[in-house]
Amino acid sequence: MKVLLISANRTEINMRTMPLGLAFVAQALTDRHHSVKMIDCVGIDDIESYIKGAIEELGPDIIGISIRNIDDQTMLNTRFLYEDDREIIALVRRLSDRPIILGGAGYSMFPDAILADSDADMGIEGEGEAALSMLLEKFERGESVEGIPGLHIKGRTAVEPRQFIKDTRSFQYPDPQYVVGQPVTPDTWVPVQTRRGCAMNCSYCSTASIEGRALRKRPIESVVEWIGQLVRAGARQLYFVDNIFNLPRSYALSLCRAMTDAGLNVKWRCIVYPWRIDEELVAAMAAAGCFEVSLGSESADDEVLRLMHKRFRRDDVAYASRLLKKYNITQMGFLMLGAPGETRQSVLDTLDFAASLEFDALKVTVGIRIYPNTTLAEEARKQGIIGPDDNLLRPRFYITPGLDEKWIRETAAMYAAKHPNWITS
Ligand code: B12
Ligand code: SF4
């Protein structure tokens with residue numbers, strides 16, 4: 001079949017992200033002999049003409065649209081980014097009468113709400129490789145598409161539970177042309193994924209809706225082989241998009257060693273969970289080219305961390321930060337203020353602690369975005385912060401009752417005034 005895949009995201013907050021998820025889907029369909037064209041909407045000025053041209057040229061049988069960001073997770077002056085995606089879906093609907101199928105991280109968090117709100121016909125929750133391939137097979141054979149795991153059909157409520165791809169070798173890494181479709185510049189951070197899923201269960205986090213809790217790892221040789229292909233395609237800087245780079249420790253260590261042995265000569269960034277980090281691992285990360293980590297410590301109050309279901313505590317963060325500094329790895333810290341259990345004292349302790357760690361940059365977020373199917377959403381419902389029927393697509397934020405938002409913001413701003421490398425939002 002002829003398939004047009006569109007990554008609707010146009011946001012360049014922090015950095016330009018490349019549509020790695022859609023690239024995986026494009027490769028899976030290509031491997032099944034479908035004819036695929038992929039569009040990344042970032043940086044295209046006249047998007048209407050571009051999409052129109054692609055539809056005329058390919059004459060697609062179906063159109064898949066990937067939705068990444070719903071909002072910027074910022075309580076003050078929130079940007080509701082999904083509205084841009086909805087416009088792209090409406091534009092595609094005007095230009096084509098072929099079935100529109102949605103997918104992506106943002107879609108997977110709100111599958112029914114987005115389907116009901118947009119002009120799309122169907123959506124696939126979670127990983128798209130196997131499910132979209134199955135859907136195309138059914139279309140080709142003229143069979144009913146009902147019963148495909150994770151497939152939502154507009155106007156119908158019955159959905160077969162989604163299935164997670166257990167064997168990561170059952171689908172290939174995408175051809176670099178799908179990932180680096182646009183020219184790579186020296187500041188492009190090319191995304192690399194080595195694992196899917198996150199076994200942690202942080203109270204506010206939506207990752208389980210996207211990737212599930214079971215961790216599924218790629219064989220290290222295949223990761224290193226693929227990074228080699230990306231480097232040959234022009235990548236000089238990589239971003240490991242795994243939810244947690246450093247866990248499982250043995251996998252992270254072997255990956256770093258294999259990258260060093262392969263002489264890949266790239267610099268890279270990753271997301272670190274400040275738990276079970278040790279010097280051997282940090283040294284191996286530095287040797288393999290790790291240049292910067294995002295360190296989501298969120299709070300320095302052990303009770304707040306416990307209520308967030310974090311496994312680490314304040315001392316673990318201090319230890320990880322010291323080690324990273326010793327190996328000259330830049331640290332971007334992240335704090336979240338206002339969580340359950342937060343008090344004025346815990347806010348002050350957290351800000352003092354972050355200042356003492358001297359992060360290279362720090363983002364302080366006031367208020368926590370509430371996502372469906374999370375412990376935080378349950379708590380917010382019990383406390384009357386959100387209503388029983390709020391589908392949460394329009395961003396809603398949590399601040400523990402009794403703690404004054406204005407006071408938190410003013411206090412965070414006072415600290416930020418003394419630390420030019422801090423951003424508050
Ligand atoms: C790494 C990451 C980043 C990195 C990106 C680095 C880079 N160079 O790519 C950084 C730190 C820069 C970042 C920034 C931001 N991020 Co971010 N990020 C992630 C993270 C952890 C992984 C994304 C990823 O690459 N996944 C790997 C790919 C392979 O998976 P995938 O895209 O989901 O694709 C699969 C499926 O979704 C599906 N699929 C995808 N498309 C389609 C299409 C069809 C048709 C089908 C059928 C299926 C399908 O199949 C794919 C393969 O299985 C996710 C959380 C998560 N685990 O998803 C958050 C996440 C995507 N980010 C999020 C947000 C909010 C942001 C920011 C807006 C935050 C901010 N205020 O700064 C910015 C926006 C950046 C931008 N320009 O768009 C949210 C988005 C949803 C939301 N809440 O709005 C997420 C989901 C985090 C969360 N849990 O809330 N991010
Ligand atoms: S470690 Fe990160 S991805 Fe995993 S549940 Fe916690 S916040 Fe979500």
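## Overall build

The protein has 16 helices and 17 strands. Its radius of gyration is 22 Å, close to the 22 Å that the globule rule gives for 425 residues, so the protein is as compact as a globular protein of that length. This is a predicted model. Along the principal axes, the C-alpha trace spans about 60 × 55 × 40 Å.

Of the 425 residues, 42% count as buried. Many contacts join distant parts of the sequence. Among contacts with a separation of 6 or more, 74% are between residues 24 or more positions apart.

## Two domains

The protein is divided into two parts: domain 1 covers 2-153 and domain 2 covers 187-424. Taken over C-alpha atoms, their centres are separated by 27 Å. The two domains meet: 19 residues of domain 1 are in contact with 19 residues of domain 2.

Which elements give two or more residues to the side of domain 1 that touches domain 2? They are helix 4 (105-109) and helix 5 (111-117). By class, this side of domain 1 has eleven nonpolar, five polar and three charged residues.

## The nonpolar core

In soluble globular proteins, nonpolar side chains tend to be buried together. Here the largest nonpolar core has 117 residues. Within this core, I6, I65 and V190 touch the most other members. Helix 1 gives the most to the core, with seven residues. Domain 1 and domain 2 both give residues to this core, so the core lies between them.

V190 is worth tracing in the model. Leaving out residues up to four places away in sequence, V190 touches M18, V179, V180 and V184. On the same basis, V190 also touches L230, A235, Q237, L238 and Y239.

## Ligand 1

Where does ligand 1 lie with respect to the two domains? Domain 1 (2-153) and domain 2 (187-424) both give residues to the shell around ligand 1, so this ligand lies between them. There are 43 residues around ligand 1. Those that come nearest are G21, G64, S66, G103 and G128.

Several elements give two or more residues to this shell. They are helix 1 (20-31), strand 3 (62-66), strand 4 (100-103), helix 4, helix 6 (129-141) and helix 8 (207-211). Helix 1 gives the most, with five residues. Helix 1 also gives the most to the largest nonpolar core. Helix 4, in turn, gives residues both to the shell around ligand 1 and to the side of domain 1 that touches domain 2. The shell around ligand 1 divides into 18 nonpolar, 18 polar and seven charged residues.

## Ligand 2

Which residues surround ligand 2? They are C198, M200, N201, C202, C205, T207, N243, I244 and Y273. By class, the shell around ligand 2 has six nonpolar and three polar residues. It has no charged residues.

## Backbone details

Most residues other than glycine have a negative phi, and most peptide bonds are trans. Three places in this model depart from that pattern. At one of them, the peptide bond from L247 to P248 is cis, with omega near -10°. P248 lies in the loop between strand 10 (237-240) and helix 10 (249-261).

N328 is not a glycine, yet it has a positive phi of about 55°. N328 sits in the loop between helix 13 (314-326) and strand 13 (330-337). Is N328 buried or exposed? It has 9 C-beta neighbours inside 10 Å, so N328 counts as exposed. L392 is not a glycine either, and its phi is positive at about 70°. L392 is found in the loop between helix 15 (375-382) and strand 16 (397-398). L392 has 20 other C-beta atoms within 10 Å, so it is buried.

## A loop and the chain end

N77 belongs to the loop between strand 3 and helix 3 (82-95). N77 counts as exposed because it has 7 C-beta neighbours inside 10 Å. How many residues apart in sequence are N77 and S425? They are 348 residues apart in sequence, but 9.1 Å apart in space, C-alpha to C-alpha.

How values were computed. Residues are numbered from 1 along each chain as its sequence is written. Chains are lettered from A and ligands numbered from 1 in the order in which they are written. This is a predicted model: local features need pLDDT of at least 70, side-chain atom pairs count only at pLDDT 80 or more; totals for chains, interfaces and linings use all residues. Domain bounds come from an automatic or database domain assignment. Two residues are in contact if their C-beta atoms, placed from the backbone, lie within 7 Å. Helices (H or I, at least four residues) and strands (E, at least two) are DSSP runs, numbered from the N terminus. Ala, Val, Leu, Ile, Met, Phe, Trp, Tyr, Cys and Pro count as nonpolar, Asp, Glu, Lys and Arg as charged, and the others, Gly among them, as polar. A residue is near a molecule or strand if its C-beta atom, placed from the backbone, lies within 6 Å of it. The radius of gyration is taken over C-alpha atoms; the globule rule is 2.2 Å times the number of residues to the power 0.38. A residue is buried if 20 or more other C-beta atoms lie within 10 Å of its own, exposed if 12 or fewer, and partly exposed in between; C-beta atoms are placed from the backbone. A nonpolar core is a set of buried Ala, Val, Leu, Ile, Met, Phe, Trp, Tyr and Cys residues joined through C-beta atoms within 7 Å.
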